[in-house]
Amino acid sequence: MNVPLIVQLGVNGAVRVLHPICLDAGSVGITSNYAGSYHILSMEQHYDDYVITGRTIGLSPISGFPAAHPYERLTGKIRAPGVTGNIGEAIAAIFARRVLLAEVGDIAHIRPRRPFRKRKSPDYLMRLGRLMPGPFSIIAPDVTQISWPQWWPVESKARSTVASSNSGRKEALKQLVAYWQLLSSSQPLTVGYGLIVTFNYQPPREVRVCLILPSNQGQLNQALTQNGTNIDDSVLRSCLYGC
Amino acid sequence: MAAETDNFIIATFALWAGDFSYCEQLLREFSLSHDAPSLDQSVERPEDFLRATGVLRLRQLWQKRGEFRKLSLDYTGTDIEITDKPIILETTHLRATLWRTGEREFLLQGYLKDLSWQSGLFERAHVHLSGVAEKKDSILPADSAGTQAEGRPYMPLGAAWIVEGNPFIQVELSDLGLLEASGIWTGSHLPESAELITGAFHTLLSTLDIPLAQTSR
């Protein structure tokens with residue numbers, strides 16, 4: 001299943017379309033088994049059942065055997081949030097490997113898997129500094145002025161609608177703020193950088209990767225020192241590109 | 001040169017595979033040998049998040065090990081003891097667990113224990129792909145994977161293929177170098193010892209850990 005891939009500056013800024021990304025059942029299945037927070041044994045089948053990946057028509061044909069898909073078994077059922085959550089957590093790693101050309105050793109999955117606690121760490125830390133701006137060069141502001149940090153916090157989510165993807169990105173931004181707050185006193189130059197990856201898995205499908213960059217890092221650090229994670233949206237808008 | 005953080009990343013792979021002892025060993029080296037901070041306090045650098053996550057994973061692992069021991073007490077005194085230690089298969093750069101998942105079904109979960117072998121692993125897998133490949137949705141030939149020709153989608157970096165024989169094995173390698181191989185024993189009688197099964201899976205693992213030049217001789 002080839003899904004349109006979009007890069008965006010911030011969560012509201014300039015948007016550009018890249019080549020689509022193939023999110024086949026096998027890739028998403030194994031990666032979400034690894035990175036997902038929920039214990040689900042057959043992510044590949046779940047993923048294919050939920051989104052119809054094209055796996056069925058991709059099988060070598062056997063004369064007289066139809067490419068039947070069991071999608072309508074979902075009648076009277078609801079998609080398990082754990083399954084869609086696991087799918088969401090996989091997409092960022094797949095994007096980083098294929099599009100950013102990150103090495104396996106550049107992708108550290110750190111989501112704490114601690115329920116009922118305010119999250120203070122992102123899904124991933126990725127060592128992307130040497131790979132930036134890469135595909136983001138078409139949306140980034142003057143890249144010669146940017147000092148790309150080595151490690152990047154990355155949030156990854158799957159949502160079923162455009163509206164819920166939008167709200168997911170805003171939620172993810174708050175999670176990045178929590179990460180920055182922990183580093184603001186010791187590593188102020190890393191504050192304001194991050195990636196947010198969202199996968200809208202029902203039509204109109206898309207993978208959107210938001211590049212979060214500081215436009216006023218000093219003010220953002222000051223706000224984090226004074227207010228912790230309780231930063232007003234207007235402050236984020238004034239301190240981050242495209243937010 | 002191996003990065004300082006490699007042990008953490010390999011430990012996450014080991015945990016995925018159920019290679020608990022190795023995961024514990026790596027996390028102890030990475031997190032406990034340093035003064036890892038808590039995720040609730042300020043950290044000095046991004047790598048501290050990895051160390052803190054390592055400490056948390058160790059606690060979670062020990063808790064689950066305790067639960068397992070309590071749950072498995074119900075089966076003490078029976079002929080076969082339940083264990084949390086699967087068969088471990090190892091080659092120079094790869095490590096894998098082998099589980100029995102059904103009467104005739106077996107699952108290998110493999111991963112890089114040396115991240116410098118990443119390119120070698122994918123190259124070896126694509127040799128299989130160009131041989132007896134399983135056709136998968138939208139997967140293109142090996143030479144297109146990972147490259148971005150005009151207008152073409154970003155394709156999976158991994159591969160899927162089959163190994164004929166008994167056990168019959170279906171193999172899949174993911175973008176992160178995680179290997180899953182499902183085997184089914186096709187004989188009418190089960191083998192009398194594990195070696196016929198472990199041998200087949202070990203051979204599979206070995207074929208992914210040989211430099212290409214060596215195999216072409």
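**Exercise 1. Work out the strand order of the open sheet in chain B, and find which strands stand at its edges.**

*Solution.* Step one is to trace the neighbours: in this predicted model, six strands of chain B form an open sheet in the order β1-β2-β3-β6-β5-β4, with antiparallel pairing. Step two is to look at the ends of that order. β1 (87–90) and β4 (159–163) of chain B each have a single partner strand, so one side of each is left without a neighbour in the sheet. Step three is the twist, which averages 20 degrees from one strand to the next.

**Exercise 2. Take the pair β3 and β6 of chain B and describe how the two strands are joined.**

*Solution.* Start with the ranges: β3 covers residues 105–112 and β6 covers residues 179–184 of chain B. Between them there are six bridges, in the antiparallel sense. For a single example, pick B:F106 and look across to β6(B), where its bridge partner is B:G183.

**Exercise 3. Place helices α4 and α5 of chain B against the strands.**

*Solution.* Begin with α4 (residues 118–129) of chain B, which packs on the sheet and touches β3, β4 and β5 (168–173) of chain B. The direction of α4 makes about 60 degrees with that of β4(B). Next comes α5 (residues 195–207) of chain B, lying across β1, β2 (94–100), β3, β4, β5 and β6 of chain B. Its angle to β1(B) is about 35 degrees.

**Exercise 4. Describe the contact between chains A and B from the side of chain B.**

*Solution.* First, count the participants: chain B gives 44 residues and chain A gives 43 residues. Second, ask which helices take part: α1 (6–17) and α3 (47–72) of chain B each supply at least two residues of the side that touches chain A. The largest share of that side, five residues, comes from α1(B). Third, sort the chain B side by class, which yields 21 nonpolar, twelve polar and eleven charged residues.

**Exercise 5. Judge whether chain A is compact or extended for a chain of 243 residues.**

*Solution.* Set the expectation first: a compact globule with 243 residues would have a radius of gyration near 18 Å. Chain A has 19 Å, which agrees. Along its principal axes, the C-alpha trace of chain A spans about 65 × 40 × 35 Å. Then look at burial, where 52% of the 243 residues of chain A count as buried. A good spot to see this is helix α1 (residues 25–35) of chain A, with eleven of its eleven residues buried; among them are A:V28, A:I30 and A:Y34.

**Exercise 6. Find backbone oddities in the loops of chain A, using phi and omega.**

*Solution.* Recall the background: most residues other than glycine have a negative phi, and most peptide bonds are trans.

1. Cis bonds. One joins A:M132 and A:P133, with omega about 5 degrees; A:P133 sits in the loop between β4 (124–127) and β5 (151–159) of chain A. Another joins A:P203 and A:P204, with omega about 0 degrees, and A:P204 belongs to the loop between β6 (194–200) and β7 (206–212) of chain A.
2. Positive phi. A:I52 shows about 55 degrees without being a glycine, in the loop between α2 (43–51) and α3 (55–58) of chain A. For A:L101 phi is near 65 degrees, in the loop between α4 (81–98) and β3 (107–109) of chain A.
3. Exposure. A:I52 has 15 C-beta neighbours inside 10 Å and therefore counts as partly exposed. A:L101, with 15 other C-beta atoms within 10 Å, is partly exposed.

Terms used. Residues numbered from 1 in each chain as written. Chains lettered and ligands numbered in written order. Predicted model: local features only at pLDDT ≥ 70, side-chain atom pairs only at ≥ 80, totals over all residues. Pairing = 2+ DSSP bridges. Helix = DSSP H or I, 4+ residues; strand = E, 2+ residues; numbered from the N terminus. Axes fitted to C-alpha atoms, helices over the stretch in contact; angles between N-to-C directions. Contact = placed C-beta atoms within 7 Å. Nonpolar A, V, L, I, M, F, W, Y, C, P; charged D, E, K, R; others polar. Rg over C-alpha atoms; globule rule 2.2 N^0.38 Å. Buried ≥ 20, exposed ≤ 12 C-beta atoms within 10 Å, placed from the backbone.
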